[in-house]
Amino acid sequence: MAIEGDVVLVGPGVYCGTVEGPSATIEIRSTEGPEMTVLDAQGAGRCYLGTQNANTVVSGFTLRNAGVPNGFGGGVYSGVITNCVITNCVGGAGGGAYDSVLLDCRIVGNEAQYGGGIWISSGASMAKAENCLFAGNVSTTWRKSFASFAGASATLTDAPAANAGAERFFARAA
C-alpha cells in the first residue's frame, strides 16, 4: 500500500481494469512510457478514477478502451495526467477526460456527447490542458474536442499546431 509521497513504478505491460486514485499524495509512473505501459478498461468503466487530491499524478501510460457512455470522463475522471495517451474512450461528457489536468498528453480518437476529448465543468477550478494534442475526437452534440461549461476556468495552452482551428474547440462563456 502506497503512503504519502511514494512513487509507484509500473513496468511494461497491459493492465486491465480501473485504477482508483488514492487519498494519499503519490505518483503512479510507468518505467517505459505510454508506448509500453497500458491501462486497458476493456470497455467496462474508466481507466483512471481520480480523487480530488490534486497532487496525485499518473504519468507515462496509454489509457484506452474505457466506456461510460452516459457518465462523466470516459478515460479519466478527475486526475492529474502527464505524458499519457488517452485513446478509444467513450463518455457522456468528456470522452477522453473530465475535470482533469492534462500535461504533455495525446488525446486521440475518443467520443462523447459533449467534449469528445475533454470536458471541463463549471466547478473544476484546476482543470486544464497544457501542451496536449487533441486529434480525431468526436462529440455528437457540439463536434468539439475540447469543451468547457459556463463559469469554468478552462485553459488550453502551448497546444501543438494540429490543434489549430475553431471547429475543434469550444469554450462557453458564463
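Which residue stands opposite Val10 in S4? I began my notebook with this question and looked along the strands for the partner, which turned out to be Ser30. I note at the outset that I am working with a predicted model.

**Entry 1: confidence and overall make-up**

I looked up the confidence before anything else, and found a mean pLDDT of 82 for the protein, with 79% of its residues reaching 70 or more. Over residues 161–174 the pLDDT stays under 50, although the model has 31 contacts beyond four places in sequence for this stretch. Where pLDDT is low, the predicted coordinates should not be read in detail. I therefore leave the particulars of residues 161–174, with their pLDDT under 50, out of my notes.

I then asked what the chain is built from, and found 24 strands and zero helices. Of the 174 residues in the protein, 47% count as buried. The exposed surface comes to about 7800 Å², and carbon and sulfur atoms supply 53% of that area. When I turned to contacts between residues at least 6 apart in sequence, I found that 52% of them join residues at least 24 apart.

**Entry 2: strand S4 and its partners**

Having started from Ser30, I stayed with strand S4, which covers residues 27–30. Its side chains alternate: Ile28 and Ser30 point to one face and are buried, whereas Glu27 and Arg29 point to the other face and are not buried.

I next looked for the strands that pair with S4. Strand S1, residues 7–10, runs parallel to S4 and is joined to it by four bridges. Strand S7, residues 57–59, also pairs with S4 in the parallel sense, here over three bridges. Within that second pairing, Glu27 has Val57 in S7 as its bridge partner.

**Entry 3: the loop before S7**

Is Asn55 buried or exposed? I placed this residue in the loop between strand S6 (48–49) and S7, and at 53% relative accessibility Asn55 counts as exposed. Leaving aside residues up to four places away in sequence, Asn55 touches Thr25 and Ile26. I also looked up its separation from Val80, which lies 25 residues away along the chain, and found 7.4 Å between the two C-alpha atoms.

**Entry 4: the sheet of six strands**

I traced an open sheet of six strands, with parallel pairing, in the order S2-S5-S8-S12-S16-S20. Strand S2 (13–16) and strand S20 (133–135) stand at its edges, and each has a single partner strand, so one side of each is left without a neighbour in the sheet. On average, and with direction ignored, neighbouring strands of this sheet are turned by 15° against each other.

Inside this sheet I checked one pairing by residue: strand S5 (residues 37–40) and strand S8 (residues 62–64) run parallel and are joined by three bridges. The partner of Asp40 in S8 is Arg64.

At the edge strand S20 I picked out Leu133, which has a relative accessible area of 22% and is partly exposed. Leu133 and Asp104 are 29 residues apart in sequence, yet their C-alpha atoms are 7.9 Å apart in space.

**Entry 5: the sheet of four strands**

I found another open sheet, formed by four strands in the order S9-S13-S17-S21, again with parallel pairing. The edges here are strand S9 (67–72) and strand S21 (138–139), each of which pairs on one side only. Strand S17 (residues 111–114) runs parallel to S21, and two bridges join them. Across this pairing, Glu111 stands opposite Val138 in S21.

**Entry 6: the cysteines**

How many disulfides does the structure hold? I counted zero, and then looked up the sulfur distances for two of the cysteines. A disulfide is a covalent bond between the sulfur atoms of two cysteines, and the cut-off used here is 2.5 Å between the sulfurs.

For Cys89, the closest cysteine sulfur belongs to Cys47 and is 4.6 Å away, which is too far for a bond. Cys89 counts as buried, at 1% relative accessibility. For Cys105, the closest cysteine sulfur is in Cys132, at 4.8 Å, and this too is too far for a bond. Cys105 is likewise buried, with a relative accessible area of 2%.

Definitions and conventions: Residues are numbered from 1 along each chain as its sequence is written. This is a predicted model: local features need pLDDT of at least 70, side-chain atom pairs count only at pLDDT 80 or more; totals for chains, interfaces and linings use all residues. Side-chain values use heavy atoms; hydrogens and water are left out. Two strands pair if DSSP finds at least two bridges between them. Axes are lines fitted to C-alpha atoms, for helices over the stretch in contact, and angles run from 0 to 180 degrees between N-to-C directions. Buried means under 20% relative accessible area, exposed over 50%, partly exposed in between (1.4 Å probe, protein chains only). pLDDT is the predictor's confidence in each residue, from 0 to 100. Contact means heavy atoms within 4.5 Å. Accessible areas come from the Shrake-Rupley method with a 1.4 Å probe; for residues, only the protein chains shown count as cover.
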